[in-house]
Every structure is written in C-alpha cells, then in structure tokens.
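Subject: A structure to look through, with notes

Hello,

Here is the structure I promised to pass on to you. Please open it beside this message, so that you can find each place as you read.

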Amino acid sequence: MKVPFLDLSLQHQALREPALAALTATYDATRFCLGKDVEDFEQTFASTLGYPRALAMNSGTAPLHVACMIAGFGPGDEVITAPFTFISSAWGINYVGATPVFADVEEGTFNLDPEKLAAAITPRTKGIIIVHLFGQPARMDEIMALARQHNLFVIEDCAQAVGARYRGTPVGTIGDVGTFSFYPTKNLGGCGEGGALVSRREEIHTQARHIRVHGSDRRYYHDIVGGNFRMDGFQGALLNVKLPHLAGWTARRQAIAARYLAEITLADVRLPEQPGYGKSVFHQFTVRHPQRDALREHLAKHEVGTDLIYPVPLHLQKCYAYLGRGPGSFPISEKIASTCVSLPIFPELTDAQVGQVISSVNAF
Ligand SMILES: *Cc1c(COP(=O)(O)O)cnc(C)c1O
C-alpha cells in the first residue's frame with residue numbers, strides 16, 4: 001500500500017461540487033478582488049478561531065511584510081527570528097530594509113529558545129518574529145516578558161499553526177500581529193495563494209486594512225504608503241467552503257500524531273516534544289534520527305513518502321551569506337536540519353496507512 005507524504009487530490013475531490021458552485025456564484029457576481037466572499041471568510045475565520053478580527057491577503061508572506069511595515073522596522077534595525085523555519089518568516093525584515101538576526105531553537109519543540117533570544121537582543125533590536133513551527137505553539141510567556149522588557153514589536157508567524165492555542169489563547173493574538181498562510185499544503189489550504197493578518201490592537205488592524213489597498217481608505221486618496229495585498233474573490237469563496245472542515249481536519253491530524261507518539265518505538269528516534277502549554281495542530285510530524293538518510297531510504301522502499309523540512313537553516317542559505325553567520329553559528333538548528341525527517345500526516349490518511357507508517361519506521 002502506498003502512503004504518499006501528501007495527497008491534495010482527496011480533499012479537493014471530496015469538496016469538488018460545493019467548491020465549483022461557490023466559484024460559479026463568485027464568477028457570475030464578478031466579485032473578483034476582496035468583496036463579499038472574502039468579507040464572509042474574514043468574519044467566520046475570526047469568529048470560529050477566536051481572533052478579534054481578520055484581514056485576508058494574497059499570500060502568507062504578505063501579512064509578514066505588512067506587519068514589518070506597521071512595526072516601523074527600517075535600516076539599522078535588528079529583528080530576531082528563528083533560523084529553523086521556512087524562509088518566508090524572515091523576508092518581511094528584508095523588505096523594509098532591516099536586518100534579520102537569528103536566535104537558535106530548542107531541540108524538543110523546534111521553536112525559538114527564550115534564553116537564546118534574550119542573548120541575541122542588542123540596543124538595535126526592534127522586534128521579534130516568532131514562528132509556531134509545525135503547528136506547535138512557541139513559549140510565549142517567556143518571549144512576551146522579554147518583549148515587554150525591551151519594548152519589542154512581536155509578530156507571530158502562524159502559517160503552520162492555524163487554530164492552535166497557547167494556554168487557551170489563540171496563537172496570533174498574543175503578540176502585536178499574527179499572520180497566517182492558506183497556501184494549498186497548509187492545514188487550511190486555499191486553491192492558490194492566500195493569507196491573513198490578525199491583531200488584537202484595532203489601530204494595527206485599521207492600518208493593515210489601508211496598506212492592503214494601496215494605503216487608502218477612500219479610492220484614489222492615499223494617506224499612507226501601501227501596496228496590493230488583496231485576496232481574490234475566488235480564494236475567499238473556496239476558503240468559505242473549506243473552513244467548516246478545519247476543526248475535523250485538525251482533530252484527525254492530532255489523532256494520527258497521537259498514534260505516532262504512542263506506537264513509534266524505534267530506538268534512537270526522537271519524537272516531537274508535547275509541552276503542556278500548547279497543543280500542536282500538527283502541520284508536520286517531524287522526527288529525528290541519527291541515520292536520517294538511511295531511514296528515509298528504508299521508508300521509501302516500504303512505499304512511505306517523507307519530506308525533509310527543512311534541509312538548510314536560514315543562516316546557511318546563500319541569500320543570507322551577507323549576514324556572515326557560517327556553519328556552527330546555530331548548532332541546534334544545524335543538528336535538527338541534518339537529522340530531521342517529516343512523516344505523512346494529512347487528514348485523509350486511512351488508519352491502515354498510519355499503521356503502515358508506524359510499522360515501517362519500527363522495522364528500520
Ligand atoms: C507557508 C509559510 C509562510 C508563508 O508562505 P506563503 O507561501 O507566502 O503563503 C510563512 N511562514 C511559514 C513558517 C510558512 O510555513
């Protein structure tokens with residue numbers, strides 16, 4: 001039996017009829033940019049997940065960019081983020097001319113280590129971009145205490161953590177801004193590009209709303225410098241079809257993870273830690289093994305798909321060579337990148353497939 005790492009066709013075949021009906025309605029109404037479908041999505045997204053309000057945008061990178069504009073980061077400013085994440089977590093810092101500074105992560109949760117974060121703060125530090133990687137909330141109490149102490153703007157990159165809660169509070173509403181991605185492979189994936197920005201601070205929400213449409217509140221009057229960060233009407237319509245399923249999909253991801261955690265018994269395998277302050281929504285289930293490459297080959301022979309997320313930490317990417325942080329700068333991130341492997345965890349996996357992943361890992 002084949003166990004693909006990810007198969008998006010199952011979910012999209014199941015929702016084909018309502019999705020195409022929604023697209024047709026949006027097409028006939030010519031609601032192409034923002035509009036009612038997007039507004040409906042923003043409201044339901046905010047109300048079902050516990051965000052005060054939400055702004056839909058045209059990717060998950062967009063709200064990170066907008067958040068960096070609102071934070072006022074600029075040349076000479078340092079903004080700290082984790083080196084073990086998707087590159088997009090850091091792009092916004094570059095887009096506004098500021099300097100990305102990395103602080104290493106914890107081995108157990110893959111998230112920013114508050115002690116390393118504290119050590120990376122300098123008089124030039126203006127903000128932090130926290131990533132709730134793989135769906136696991138980061139240690140927000142310690143991080144927010146540091147942010148208050150040093151007067152830092154906090155952006156939560158929740159691209160992989162939609163619906164996750166930290167001590168009962170939805171991620172994205174603890175810092176100043178929270179950002180989401182609806183890239184097709186995410187827990188709530190659109191059929192194309194999409195993202196959202198949330199903030200418990202109303203003035204930030206208003207500013208982001210204006211930046212999204214070329215810095216304007218009234219058409220052809222531009223009070224602040226903005227851009228085009230609008231979500232398409234079609235994307236809003238499709239996300240409205242998908243959003244009601246998110247809770248069930250998340251529960252299924254958590255059930256699969258619970259089996260992996262309980263039943264994977266291979267010696268030397270390191271399973272993701274499950275801290276009490278926040279339950280993961282398991283965008284990925286990433287394990288570590290000293291013979292990672294051999295394990296991947298073994299799983300491929302057993303028809304189990306895996307992926308390597310992420311093979312190279314940000315400080316070792318060519319684009320960040322100019323920062324001058326070579327190998328050895330962030331040893332935990334480097335160690336994780338060379339030993340991690342992600343197992344299949346999408347909601348449509350059958351119990352038999354999950355069983356096959358477990359028995360194949362244990363047979364290594
Ligand atoms: C997916 C992702 C983003 C945003 O990606 P887009 O492709 O622009 O939607 C940002 N940060 C992380 C950690 C991600 O996984």
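What follows is a walk through two helices, some charged pairs, one buried glutamate and a few unusual backbone angles.

Please keep in mind throughout that this is a predicted model.

**Two helices**

Helix α2 covers residues 16-28, and because each of its 13 residues should add 1.5 Å, a span of 18 Å is expected, which agrees with the 18 Å between its end C-alpha atoms. Ala19, Ala22 and Thr26 are the buried residues in α2. Seen down the helix axis they fall within an arc of 65°, so they line one face of α2. The general reason such a pattern can arise is that an α-helix has 3.6 residues a turn, so residues three or four places apart point the same way. The buried residues of α2 pack against α3 (36-49) and α9 (233-242), whereas the face turned away from the buried side carries Glu17, Tyr27 and Asp28, which are exposed.

Helix α3, one of those packing partners, has 14 residues and reaches 20 Å from its first C-alpha to its last, close to the 20 Å expected at 1.5 Å a residue. Its buried residues are Asp37, Val38, Phe41, Glu42, Phe45, Ala46 and Leu49. These cover an arc of only 155° around the axis, which puts them on the same side of α3. On the other side of α3, Gln43 and Ser47 are exposed, and just after the helix Gly50 takes a positive phi of about 90°.

**Charged pairs that link distant parts**

The structure holds 18 salt bridges, and I would like to show you three of them. In one, Glu106 pairs with Arg139, and their closest N and O atoms are 2.6 Å apart. Glu106 lies in the loop between β3 (99-102) and α6 (114-120), while Arg139 lies in the loop between β4 (125-131) and α7 (140-150), so the pair ties together parts that are 33 residues apart in sequence. Glu106 counts as buried because its relative accessibility is 13%, and Arg139, at 24% relative accessibility, counts as partly exposed.

The other two share Glu107. Arg270 meets Glu107 in a salt bridge of 3.4 Å, N to O. This pair links parts of the chain that are 163 residues apart, since Arg270 sits in the loop between α10 (246-263) and β12 (285-288) and Glu107 in the loop between β3 and α6. Arg270 is partly exposed, with a relative accessible area of 34%. Lys335 also forms a salt bridge with Glu107, and here the closest N and O atoms are 3.3 Å apart. Because Lys335 lies in helix α12 and Glu107 in the loop between β3 and α6, this pair ties together parts that are 228 residues apart in sequence. Lys335 counts as partly exposed at 40% relative accessibility. Glu107, Arg270 and Lys335 are among the members of a network of salt bridges that includes Glu273 and Arg288 as well.

**A buried glutamate without a salt bridge**

Which side chain of opposite charge is nearest to the buried Glu334? It is Arg325, but at 8.5 Å away, and Glu334 has no salt bridge. Glu334 is located in helix α12, which covers residues 331-339. Its side chain does have a polar contact of 2.7 Å with the side chain of His315. Leaving aside neighbours within four places in sequence, the residues in contact with Glu334 include Pro313, Leu316, Gly326 and Ser329.

**Unusual backbone angles**

As background, most residues other than glycine have a negative phi, and most peptide bonds are trans. Thr30, which is not a glycine, has a positive phi of about 50°. Thr30 lies in the loop between α2 and α3, and it is exposed, with a relative accessible area of 52%. Asn151 likewise has a positive phi, near 55°, and its place is in the loop between α7 and β5 (153-157). At 69% relative accessibility, Asn151 counts as exposed. Finally, the peptide bond that joins Ile309 and Tyr310 is cis, with omega about 15°, and Tyr310 is found in the loop between α11 (292-301) and α12.

Best wishes

Technical notes:
Residues are numbered from 1 along each chain as its sequence is written. This is a predicted model: local features need pLDDT of at least 70, side-chain atom pairs count only at pLDDT 80 or more; totals for chains, interfaces and linings use all residues. Side-chain values use heavy atoms; hydrogens and water are left out. Helices (H or I, at least four residues) and strands (E, at least two) are DSSP runs, numbered from the N terminus. Buried means under 20% relative accessible area, exposed over 50%, partly exposed in between (1.4 Å probe, protein chains only). Lys and Arg count as positive and Asp and Glu as negative; His and the chain ends are not counted. A salt bridge is a side-chain nitrogen of Lys or Arg within 4 Å of a carboxyl oxygen of Asp or Glu. A polar contact is a pair of N or O atoms within 3.5 Å; within protein, one must be able to donate a hydrogen and the other to accept it, and residues adjacent in sequence count only if both atoms are side-chain atoms. Contact means heavy atoms within 4.5 Å. The expected span of a helix is 1.5 Å times one less than its number of residues. The arc is that of the directions from the helix axis to the C-beta atoms.
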